Structure formats: structure tokens, C-alpha cells
Amino acid sequence: MLSGFQFSNLLGGTYTGGNVLFDRSGHSLLSPVGNRVTAYDLQNSSTVTLPFETPRDIVAMDLSPNEELLFVADERGLGIFLYYPTAQSLERYRCGQPVSAVRFSPCGKFLALCLPSELRVITCPPTNLLLYRSVTVLANYRFAIAPVTCVEWTSTSEGLVSGSEDSVVRILPRVQYSLRGTERPTRPLTLSAHRAPVVGVWFGGPADDVLFSVARNYTLCIWHKTDESVLEKRLAARLLRAKEARKRKREMSGNASSEEEPGEEEEEEDRQEPPEVAEEGSAGPKEEEGTEGKDASGAAGAASGQLKPWEAMWKLHRKHIMALAQPIYCAAYIAKQAMLVCGFRDGTFALYKLDRVEDVVCLQTLSLSAQKISAAAVSPSGEWLAFGSAKLGQLLVWEWRSETYVLRQQAHRAGDVSV
């Protein structure tokens, strides 16, 4: 009797939830099916289910830029790092909370996790060396009062931008800085212009000087980076508040000595930094050594006009309202083609071209089904669009130039009775 059975393939299921993604060539599509991942070869019209499984259904996954690592996370927050060419498990990582989105850095060494109350940045395990517990936490930002929904990296892998359900976009560095030996997280730069949960955020431009954010209330905001430094502006505001507080204190005390030479005393106090500023500010003159050179880099960047995204002030350039007045549940953007695709609640998708920052051109709209679109992805060449509907178990790949379906499959809506 033969007992050496091995898993071969999974039939009947196409998509159950989570995000879908293309590989680097754009010819293969990865789709979560329950607690497994199915790879669709769009050129040869074949499917292969990777030989691994998670305890619960997969809700988020991402593929590293060099296609060596695949990270999947299930409903309970269990993450697995896989060597994608052979689908072998390298390491497991317990997030402790449900994961809503994951994103590898462009260098492939770091991974960002979107959790209900925080944004976590961890390192990736090596693929050529077996180590015990090689995943370490680099940053753990607990700033959001609502679940973090999306995250994206800068082109240099030094910073991130995130969006959450509190309708706020935050820009922050990859590594947290400690002040005076205490673990105080760096204050993120907040951008507030939306009135609904943020669905997607992306950097654009050659130097990450443009930022796109999409909210659920069919709103697209375009932000431009300026040459003003956030650190200098915050420090100037705190100095002004401290100066006004000292003036009010002198007026209330009614000290006669303050009325003799007020001008000289004010100049003398302005030259000295009050202790309140050093304690409250994110970086002061006494804290330059503890911030690991952050202030020095910020001053040098301000002088050369090359500020980091989290160090510069951002200005709202344009707020575009989508023509389809339907809530957006998924969005995808590809920087090389400057194309944005949005999936709406009524099963319609819209493709936009962001060729020039001043113009937002709608290239195509199409109704795919009567249920909401749960996931959307764009191929690296920008020719194919992938969509998934979790309620119908439907997976579609659409070629928008020729207006033809490359893949159109739907799972069984009812349970199987017999085979």
C-alpha cells in the first residue's frame, strides 16, 4: 500500500481574500486561496499551488524585489518567510496582532508591517545562511489611534509613509532615534487633508518629492515637498511659546527689577535656550550626540536643499475628486508607468494616468461584477490589471489596451457535495 503522498495542486479555489501581486516579470500572479498561495502562469495558462500552508487564512503577503523572499501573514498575525524559488520556510515571526498590509523595502533587507495600533519595521532573514531567530525589530511606531491600513517605502529604503483609518498620512524614518538614552520614538510628520480612511499612499517623482494619497471617499491628494525644514519650524515655534510664557510670568510676578532694563534681559534670555525647549523638543542643542547625527544631517540637508521626506515640509498641491462617486476599497500604483488603479464598492474599477502632476487623466472605467473589489494590482509593464473579489471568489486579469480578459475565474459559491 502506497502511503507516501505529497501535495500536488489545489483546484476549485481562486481567491479568498487579501492582496494579489505580480512577480517581477509580470507573467505570474500570486493569489491567496485560504491558507495557501496559488501562482498563475498567465503565459502558459497553468496554475501551481505552493507546497506550504498557514494555520489560518492568509490576509497579507508581499514578494521581495529580488524574488527570493515571500512573506505571508494569516488572520491571527502569524508570519512566515519563504524562499520563493523552492517555497521552503525559512523562519516564522509572530506579530501578536492581525496584519492588514506588508511591504518589502526596495533593498529587500527590511519589511514593514501594518498592525491595528502600530507600524513595525523588522529585518529579513538571510537566504544563504541558516540562523536562529534572525528577525529583529528596528522600529515600533505606536502613533496611530486607528488601525494602519497601508504603507510604502521611499526609493532609498530610508523612510516610510503610512496611512490609517484616522484619515491621517504619516511620514517617518526607518530607524527610531533615542533621546538622552530613553526610547522615545521619532515624531512622525503628519499630513491631514482627508476626511475618510486612507486606502493607499505612494511616493512619486525622481527624488521622492511627490506624494499621492487615496482615501475611501474617492479623493486623491497630491502633495509636493518644499525646501522648508520641519525641525527648524518646530524649534522656532517652541522658542516663541517659551518666550511668551516668560513674559506672562514676569507680568504676573510684578517684579520691579524686570522694568529697569527689559531690553537687555530679553536679549539675554533669547540667547539662552530654556530648559522647557530641550525637554519637549525632538532635538535641541544639548541632544545632538544622542540623536546619532540626525540634527547635523538635517542642517546639512537644509543647506543643500536635499531634505529627507520626514524632515521637509509638504504642501497640498491638488485635491482631485474621482468621477465615480463610490467608496474605494483598494488601490494600486506603479511609479514607472505613473498609473493608478482604484477598485470601488459597486464592482467598478478606474484607471488613471498621473503623467503630469497637474493633470489626472482617467484612461478607462469598467464594471467587473456586482460586488466590491477587494484587491487590485498592476503588472510592472502596466499592461495587465489584476482584481480580486473576496465575496464572489473571483479573480480577473484585464489587459486595458486591447480591452480583453487574460484570466477570468470564479470559485464555487456553494460547498462541494461529492467528487
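Which backbone oxygen lies 2.8 Å from a polar atom of the side chain of Lys-319? In this predicted model, that atom belongs to Ala-193. Lys-319 is located in strand β20 and has a relative accessible area of 40%, so it is classed as partly exposed. Apart from residues within four places in sequence, the contacts of Lys-319 are with Ala-193, Thr-219, Leu-220 and Cys-221. Lys-319 and Ser-213 are 106 residues apart along the chain, and their C-alpha atoms are separated by 9.7 Å.

At the level of the whole protein, the model contains 4 helices and 28 strands. The protein has 419 residues, of which 49% count as buried. Among contacts with a separation of 6 or more, 48% are accounted for by residues 24 or more positions apart. The exposed area comes to about 21400 Å², with carbon and sulfur atoms supplying 49% of it.

Strand β20 belongs to an open sheet of 4 strands, ordered β17-β18-β19-β20 and paired in the antiparallel sense. The edges of this sheet are β17 and β20 (312–321), each of which pairs on one side only. From one strand to the next the twist averages 20°. Within the sheet, β17 and strand β18 (residues 210–215) run antiparallel and are joined by 6 bridges. Opposite Phe-203 stands Leu-211 in β18. Pairing of this kind has a general basis: strands of a sheet pair through backbone hydrogen bonds, either parallel or antiparallel.

His-194 lies in the loop between β16 (189–191) and β17 (198–204). With a relative accessibility of 7%, His-194 falls under the 20% limit and therefore counts as buried. The side chain of His-194 makes a polar contact of 2.7 Å with the side chain of Ser-213. When neighbours within four places in sequence are left aside, the contacts of His-194 are Ser-167, Val-169, Ser-213, Val-214, Ala-215, Thr-219 and Cys-221. Thr-219 and Cys-221 are also among the residues in contact with Lys-319.

One of the residues that His-194 touches, Val-169, is part of strand β15, where it is buried on one side together with Ile-171 and Pro-173. On the other side of β15, Arg-170 and Leu-172 are buried, and both faces of the strand are thus covered. In total, 5 of the 5 residues of β15 (residues 169–173) are buried. The division into two sides follows a general pattern, because in a regular strand the side chains alternate between the two faces of the sheet.

Strand β15 pairs with two other strands. With strand β14 (residues 159–164) the pairing is antiparallel and extends over 5 bridges. In this pair, Val-161 stands opposite Ile-171. With β16, β15 again runs antiparallel, and 3 bridges join the two. Ile-171 is placed opposite Leu-189 in β16. The hairpin of β14 and β15 has 4 residues between the strands, and in it Ser-167 adopts a positive phi near 65°. Ser-167 is also one of the residues in contact with His-194.

Positive phi values also occur elsewhere in the model. Most residues other than glycine have a negative phi. Ser-157 nevertheless has a positive phi of about 65°; this residue is in the loop between β13 (148–153) and β14. Its relative accessible area is 3%, so Ser-157 is buried. Glu-403 likewise has a positive phi, near 55°, and is found in the loop between β27 (394–399) and β28 (404–410). Glu-403 has a relative accessible area of 52% and is therefore exposed.

The cysteines were examined for disulfides. A disulfide is a covalent bond between the sulfur atoms of two cysteines. With a cut-off of 2.5 Å between sulfur atoms, the count is 0 disulfides. Cys-330 takes part in none, and the nearest cysteine sulfur, that of Cys-342, is 8.0 Å away. Cys-330 has a relative accessible area of 6% and so is buried. For Cys-362, the closest cysteine sulfur is also in Cys-342, and because the distance is 9.4 Å it is too far for a bond. Cys-362 counts as partly exposed, at 39% relative accessibility.

Conventions. Residues are numbered from 1 along each chain as its sequence is written. This is a predicted model: local features need pLDDT of at least 70, side-chain atom pairs count only at pLDDT 80 or more; totals for chains, interfaces and linings use all residues. Side-chain values use heavy atoms; hydrogens and water are left out. Buried means under 20% relative accessible area, exposed over 50%, partly exposed in between (1.4 Å probe, protein chains only). A polar contact is a pair of N or O atoms within 3.5 Å; within protein, one must be able to donate a hydrogen and the other to accept it, and residues adjacent in sequence count only if both atoms are side-chain atoms. Contact means heavy atoms within 4.5 Å. Two strands pair if DSSP finds at least two bridges between them. Axes are lines fitted to C-alpha atoms, for helices over the stretch in contact, and angles run from 0 to 180 degrees between N-to-C directions. Accessible areas come from the Shrake-Rupley method with a 1.4 Å probe; for residues, only the protein chains shown count as cover.
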